[in-house]
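Hi there,

Here is the structure I promised to pass on. Have a look at it first, then read my notes below with the model open beside you.

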Amino acid sequence: MAKQDVEALLIAGGEDKKVRAKYDVPGTKEEFVALAAEDGYTFTVEELEAVLQEAGDVFDKYGNPPKRSIWWT
């Protein structure tokens with residue numbers, strides 16, 4: 001279920017600019033997971049890392065304003 005929650009959030013961010021903007025704010029994976037939990041997504045940092053690694057995505061931010069390129073479309 002946790003992997004599905006990570007994937008659901010990444011898809012939601014790919015479809016909705018407001019979701020992307022909200023989740024581009026946290027500076028750490030721990031903050032990201034805590035914010036996701038507030039929105040009903042249940043997964044750990046390790047599960048997030050596993051899904052990102054599987055997809056070949058990197059959690060780091062880039063650009064100005066800083067954004068992540070983890071979102072699935």
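The buried residues of α4 pack against α1 and α3. Helices here are DSSP runs of H or I with at least four residues, strands are runs of E with at least two, and both are numbered from the N terminus. "Buried" means under 20% relative accessible area, "exposed" means over 50%, and "partly exposed" is in between (1.4 Å probe, protein chains only). Before you go on, keep in mind that this is a predicted model: local features need pLDDT of at least 70, side-chain atom pairs count only at pLDDT 80 or more, and totals for chains, interfaces and linings use all residues. Residues are numbered from 1 along each chain as its sequence is written, and side-chain values use heavy atoms, with hydrogens and water left out.

So which residues of α4 are buried? They are Val 45, Leu 48, Val 51 and Leu 52. Looking down the axis of α4, you'd find these buried residues within an arc of 130°, so they line one face of the helix. (The arc is that of the directions from the helix axis to the C-beta atoms.) Flip to the other side of α4 and you meet the exposed residues Glu 46, Gln 53 and Glu 54. Glu 54 counts as exposed because its relative accessibility is 60%. Just after α4, Gly 56 has a positive phi of about 75°.

Now try α3, which runs over residues 29-38 and buries Phe 32, Val 33, Leu 35 and Ala 36. Those four cover an arc of only 160° around the axis, which puts them on the same side of α3. The face turned away from that buried side carries the exposed residues Glu 30 and Glu 38. What covers the buried residues of α3? The cover includes α1 (2-15), α2 (17-23), α4 (45-55) and β2 (67-68); contact here means heavy atoms within 4.5 Å. Just after α3 there is another glycine to look at: Gly 40 takes a positive phi of about 95°.

In α1, pick out Ala 12. Is Ala 12 buried or exposed? With 18% relative accessibility, Ala 12 counts as buried. Leaving aside residues up to four places away in sequence, Ala 12 touches Val 19 and Tyr 41. Ala 12 and Ala 37 are 25 residues apart in sequence, and their C-alpha atoms are 15 Å apart in space.

Next, the tail end. Trp 71 sits in the segment after β2, and so does Trp 72. Trp 71 is buried, with a relative accessible area of 11%, while Trp 72 counts as partly exposed at 24% relative accessibility. Not counting residues up to four places away in sequence, Trp 71 touches Leu 9, Leu 10, Gly 13, Gly 14, Arg 20, Tyr 23, Asp 24 and Phe 32. By the same rule, the residues that Trp 72 touches include Glu 7, Ile 11, Val 51 and Ala 55. From C-alpha to C-alpha, Trp 72 is 13 Å from Glu 54, with their positions 18 residues apart in sequence.

One more spot is worth a click. The peptide bond from Asn 64 to Pro 65 is cis, with omega near 5°. Pro 65 is in the loop between β1 (61-62) and β2. As background, most peptide bonds are trans, and most residues other than glycine have a negative phi.

Finally, zoom out. The chain has 4 helices and 2 strands, in the order α-α-α-α-β-β along the sequence. For 73 residues, a compact globule would have a radius of gyration near 11 Å, and the chain agrees because its value is 11 Å. That radius is taken over C-alpha atoms, and the globule rule is 2.2 Å times the number of residues to the power 0.38. The C-alpha trace spans about 35 × 25 × 25 Å along its principal axes. Buried residues make up 34% of the 73 residues. Of the contacts with a separation of 6 or more, 54% are between residues 24 or more positions apart.

Have fun turning it around, and send me any questions!
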